[in-house]
Amino acid sequence: MEAILQTEASECGLACLAMIATHHGCVTDLRAMRRLHPLSLKGATLSQLLDIAGKMGFMCRPLRLDLEDLGKLQLPCILHWDLNHFVVLTGVRKRGVTVVDPAIGKRTLPLSEFSRHFTGVALELSRTAELRVSPAVPAISVAQLTGKVSGLWRALGMILLLSLALQVFVLLAPFFMQWIVDHVLIAADRDLLTVLGLGFALALLLQVGIGLVRGWAIIHLSGRLGLQWMGNVFSHLVRLPLDFFQKRHLGDITSRMGSVQAIQRTLTTSFVEALIDGLMAIITLGMMLLYSWKLALVTLLAVGLYLAARAIAFGSLRNGTERQLVAAAHQQSHLLESIRGMQSVKVAGRETVRRSRYYNLMSETINRDVWLARFGLAFGSANQLIFGGERIAVIWIGAGLAMQNVFSVGMLIAYLAYKDQFALRIGGLIDKWIEFRMLRLHGERLADIVLADPELTDGDSMSEGVPANLRIEMDGAGFRYAPGEPWVLRNCSLTIEPGEAVAIVGASGCGKTTLVKCLLGLLPLTEGQIRIGGVPLSRIGIEHYRRVVGVVMQDDQLFAGSISDNIAFEDEGLDEARVREAAGLAAVHDDIAMMPMGYNSLIGDMGTTLSGGQKQRVILARALYRQPRLLFLDEATSHLDVERERLVNDAVRRLDLTRVIIAHRPETIASTDRVLVMHAGAIVQEFRPSAPSQGGVGR
């Protein structure tokens with residue numbers, strides 16, 4: 001069974017179902033499964049897998065069993081693993097149990113190790129008539145992966161022509177030795193030697209010159225292609241919806257972005273080399289056949305043997321490479337997570353644990369690297385053995401032909417030169433063929449980014465932007481992260497008038513932050529509708545809408561750079577006066593003025609040089625710099641003391657805008673016009689802060 005590795009951190013169950021469906025002839029992939037059966041960040045329970053498998057057309061049979069009953073299971077089947085994971089069981093033997101882990105790949109475990117992971121729960125899946133055989137998943141085209149890249153084919157054409165010109169000199173080189181041996185040495189003709197020497201010296205200069213031009217062209221093309229392609233991929237990445245990033249490890253995303261370089265290198269250098277190697281292999285084979293078909297047959301037999309060996313071993317090479325990429329991504333994720341959370345690591349005294357875990361991940365990555373290096377070394381040795389033996393056989397037979405006067409000595413030397421060229425070219429062509437087949441692996445990893453659907457940012461019918469009247473209405477809104485998951489919002493309705501300040505309060509976990517994310521368009525409603533000025537949010541377009549919105553969320557981040565850059569948030573037309581005005585409104589101007597470099601002070605990685613209160617106020621200043629018409633604040637003053645909170649509330653209250661505030665602190669709630677109380681994902685109560693019931697509002 002071919003492994004299908006999970007892309008999202010929580011989709012091991014979907015990957016297992018995709019593998020078993022493919023095994024039964026219903027060829028599918030994770031992209032298709034994800035669209036038909038979306039899951040939340042929490043993953044899937046066994047009951048959800050039963051529901052999805054039933055919809056796919058499987059007959060399901062969940063079981064609880066002991067280890068001695070493993071051999072009775074109908075294979076392949078799904079096993080519950082480590083209490084939080086699913087794998088596919090494919091084989092049970094005395095020497096070990098074979099499973100396909102969607103996080104790692106195929107592996108065989110001894111029964112003792114298997115028992116430490118297996119929870120005793122299995123899911124048998126039987127094919128029914130409702131399970132339809134699907135056509136093979138279409139291959140991913142290069143155009144889908146690259147996007148629009150200008151000048152690619154023109155540059156490749158020029159490099160190809162220069163490469164062909166170089167091969168002319170390669171073909172002429174054996175004639176130099178043949179003419180020297182057969183004509184110059186035998187006749188002792190010094191004049192002919194001089195002419196041949198000068199002629200081939202001039203050819204050498206031309207060859208070097210053309211080689212330099214081709215090298216410059218390849219460098220230029222690689223840089224240009226890398227700039228455009230990586231720019232296209234990153235541009236698409238930042239347009240993807242928020243849940244795309246929440247469902248994936250950071251290291252896995254960066255690893256997939258790294259596939260751009262692997263594909264780019266193959267398309268620029270290897271693509272041209274493969275064309276040249278193929279053409280030159282045909283030409284040199286023709287020259288060999290002109291000299292002797294018997295000798296050419298020996299070389300062709302060696303080439304066939306090497307080709308068969310590479311083809312047979314391709315599956316192992318692909319699986320090994322995929323495992324190496326996954327291991328490297330896990331290591332990268334752990335490293336980035338440790339660096340980002342170093343404060344928490346040190347406070348908890350868990351440096352040793354994080355270091356040990358990283359060492360284990362690094363060892364796994366190195367083991368995969370070593371395996372691939374050994375694999376490459378083995379094929380390098382096989383290449384030397386096969387073609388070394390072939391050369392001995394050719395020289396043996398060719399010497400016999402020369403002694404029979406079928407060949408001259410010069411012809412034998414020239415033939416050996418052409419034979420070496422052919423063996424080199426055809427061996428390189430076979431290696432390039434394997435490299436191109438490996439492109440599918442990198443393409444599938446990169447496709448997780450470039451083929452993901454971006455956010456709809458431009459609306460479907462309105463081009464003039466948001467309405468003048470920013471009345472916010474939410475009717476019967478419901479949201480949950482996936483079918484089968486609990487509802488976070490349900491039957492939630494509210495109305496917020498333009499210029500009104502509304503506080504949303506309620507117990508932790510009642511859905512306040514999710515409500516704000518839905519109002520911002522970060523999370524699409526599962527049911528119901530949001531209207532802005534009477535127009536559905538989907539028709540306005542998120543990009544237009546967010547231009548008039550200022551937001552401070554609980555987990556907002558600052559970026560490396562100066563305080564001024566962070567407040568303006570990389571605004572190309574940075575307005576220093578607006579920066580200072582926004583900082584004053586956020587009650588952070590005095591703190592900035594006391595810093596050695598003022599607004600040019602660097603804040604470190606993600607604001608590490610600022611206190612929690614300073615960081616929160618700079619983020620608030622960033623929201624106010626946009627001069628929004630709608631302001632959403634999710635616990636935006638939770639790190640402030642009472643006096644600074646009062647200053648911020650008074651400053652924001654004087655602004656002509658609509659405010660939606662999530663808060664627990666009475667001071668912030670008292671600064672609003674109306675209070676909405678949430679419970680279990682719905683608005684259950686509404687009152688004015690001055691009402692007697694205000695005293696009951698709090699944590």
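Rings of Phe, Tyr and Trp (for Trp, the six-membered ring) are taken to pair if their centres lie within 6.5 Å, with planes under 30 degrees apart counted as stacked, over 60 as edge-to-face and the rest as tilted. The model analysed here is predicted, so that local features need pLDDT of at least 70 and side-chain atom pairs count only at pLDDT 80 or more, whereas totals for chains, interfaces and linings use all residues. Residues are numbered from 1 along each chain as its sequence is written, and side-chain values use heavy atoms, without hydrogens and water.

The structure holds 8 aromatic pairs. In one of these, Phe375 and Phe379 have ring centres 5.2 Å apart and planes at 50 degrees, so the pair is tilted. The two residues, Phe375 and Phe379, lie 4 residues apart in helix α12 and are therefore separated by about one helical turn. Both Phe375 and Phe379 are buried (under 20% relative accessible area, with a 1.4 Å probe and protein chains only). Elsewhere, ring pairs join Trp81, Phe114 and Phe118 in a cluster.

Helix α12 (residues 351–403) packs with helix α13 (residues 409–450) at an angle of about 160 degrees, the axes being 11 Å apart. This makes α12 roughly antiparallel to α13 (angles over 145 degrees). Among the residues in contact (heavy atoms within 4.5 Å) are Phe387 and Arg391 of α12 and Tyr415 and Asp420 of α13. The axes of helix α10 (residues 293–340) and α12 come within 9 Å and cross at roughly 170 degrees; α10 and α12 are therefore also roughly antiparallel to each other.

Methods. Axes fitted to C-alpha atoms, helices over the stretch in contact; angles between N-to-C directions. Parallel < 35°, antiparallel > 145°, perpendicular 65-115°, else oblique. Buried < 20%, exposed > 50% of the residue type's maximum accessible area, 1.4 Å probe, protein only.
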